[in-house]
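Trainee: Please take one single part of this structure and guide me through it closely. I should like to understand how that part is placed within the whole.

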Amino acid sequence: MANKREPAPGWPIVSGEYVVGNPESCVGVVTLGSHGLEQACIDAGAAIAGPCHTENLGIEKVVANYISNPNIRFMILCGSEVQGHITGQCFKALWENGIGDDGGIIGAKGAIPFLENVNKEAVERFRRQIVEVVDLIDCEDIGKITQAIKECLSKDPGAIDEDPFIIELEGGKGGGEEEEGVIKPITPEMAIIESRMRLIGNEMCYNGLLAKWQAGYYNGKIQGIATGLFLMLLIMGILMF
C-alpha cells in the first residue's frame, strides 16, 4: 500500500467551489469552466474536484490546496476550457515550465497569466509533487473522466516525501475567486457556450483548409491535363509540317 501523509490542518486551506473526498487520494480534478461534474469525480475516488475560471487567482488557489496535501500526485484537467483565460492551458504551462522572475507563467496563453501570491518555491513544489497532468480539456464525458481517475489511482506512487507546503493567499478561507481579483470570470453557462463555439470554429477552420486543399488539387489536375493536351497537339503539329 502506498505511503500517505497528513495534509495541512483544516485542509483544504483555501476556500472555493470544490467538493472534497478522501484526503488520502492521489488525484485532484479541475473541471475548468464546467460545473456539475464534481461529485461524480469524488465518487470515482478523487480527493478534491471543482472548477477554476481564472489563470491567475484561480490557479493560485488550486496550487495552494494541492501542495498543502502531499498525497495529491495527479492533476486531471477536464471540462470546458475557459475562453479568454485559457486556464487549462495555463495549468499545463505552469506544470511544464514554471514561472519567470516576474511571476508570469512561462508559455501560458491566457489573458493575464501572472501569479502574485504564489512564489517560485511553491510552484517548484507543485511541479515536483504532481507527477502527471492528465489532459481532458473540453471533455465533459463523465465516463472518460472516471476512467482517468481510476487509472491514476492504480498508479498511486504514494505521498511526496515532504511536509505540507502552506501558503497564505490574500482573502484566505473566506475569499472567493470573484472577490479577490480584478478579472471577473464569465458565467459557467457562457463558458460552455464559448467552448462549443470555439470547437465549431476549429472544425470550420479545418473544413475550410480541407476544401482549399481539394480545390488546389483539382485545379492542378485540370492544369496538368490541359498542359499535356497542348504539348501533344504541338508535337503532332511539328510532325505534320
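Mentor: A residue is called buried when its relative accessible area is under 20%. The model is a predicted one, and by that cut-off 45% of the 241 residues in its chain are buried. The chain contains 7 helices and 5 strands, which follow one another in the pattern β-β-α-β-α-β-α-α-β-α-α-α. Of the contacts made at a separation of 6 or more, 74% join residues 24 or more positions apart.

The part I propose to examine is helix 2, which runs from residue 57 to residue 67. How many of the residues of helix 2 are buried? The count is 11 of the 11, so helix 2 is largely enclosed by the rest of the structure. The buried residues include nonpolar ones such as Leu57, Ile59 and Val62, but Glu60, Lys61 and Asn65 are on the list as well. As a general rule, an α-helix has 3.6 residues a turn, so residues three or four places apart point the same way.

Consider next what leads into this helix. A loop lies between strand 3 (48-50) and helix 2, and His53 is found in that loop. His53 is itself buried, because its relative accessible area is 4%. Its side chain makes a polar contact, at 3.4 Å, with the side chain of His35.

At the other end of the helix, Ile67 is among the buried residues. The backbone oxygen of Ile67 is reached by the side chain of Arg125 at 3.3 Å. Arg125 belongs to helix 4, which spans residues 120-129. Is Arg125 buried or exposed? Its relative accessibility is 1%, so Arg125 counts as buried. If residues up to four places away in sequence are left aside, Arg125 touches Ile67 and Pro70, together with Ile160, Glu162, Asp163, Pro164 and Phe165. Arg125 thus touches both Ile67, from the helix under study, and residues from the 160s.

For contrast, turn to the surface. The accessible surface of the chain comes to about 12,400 Å², and 60% of it belongs to carbon and sulfur atoms. Leu229, Met232, Leu233 and Met236 make a nonpolar surface patch of about 380 Å². One of these residues, Leu233, is found in helix 7, which covers residues 188-240. The patch thus lies on the surface, whereas helix 2 is largely enclosed, since 11 of its 11 residues are buried.

Methods
Residues are numbered from 1 along each chain as its sequence is written. This is a predicted model: local features need pLDDT of at least 70, side-chain atom pairs count only at pLDDT 80 or more; totals for chains, interfaces and linings use all residues. Side-chain values use heavy atoms; hydrogens and water are left out. Patches are made of residues with over 30% relative accessible area and no salt bridge: like charges are joined within 9 Å, nonpolar side chains (Val, Leu, Ile, Met, Phe, Trp, Tyr) within 5 Å. Accessible areas come from the Shrake-Rupley method with a 1.4 Å probe; for residues, only the protein chains shown count as cover. A salt bridge is a side-chain nitrogen of Lys or Arg within 4 Å of a carboxyl oxygen of Asp or Glu. Helices (H or I, at least four residues) and strands (E, at least two) are DSSP runs, numbered from the N terminus. Buried means under 20% relative accessible area, exposed over 50%, partly exposed in between (1.4 Å probe, protein chains only). A polar contact is a pair of N or O atoms within 3.5 Å; within protein, one must be able to donate a hydrogen and the other to accept it, and residues adjacent in sequence count only if both atoms are side-chain atoms. Contact means heavy atoms within 4.5 Å.
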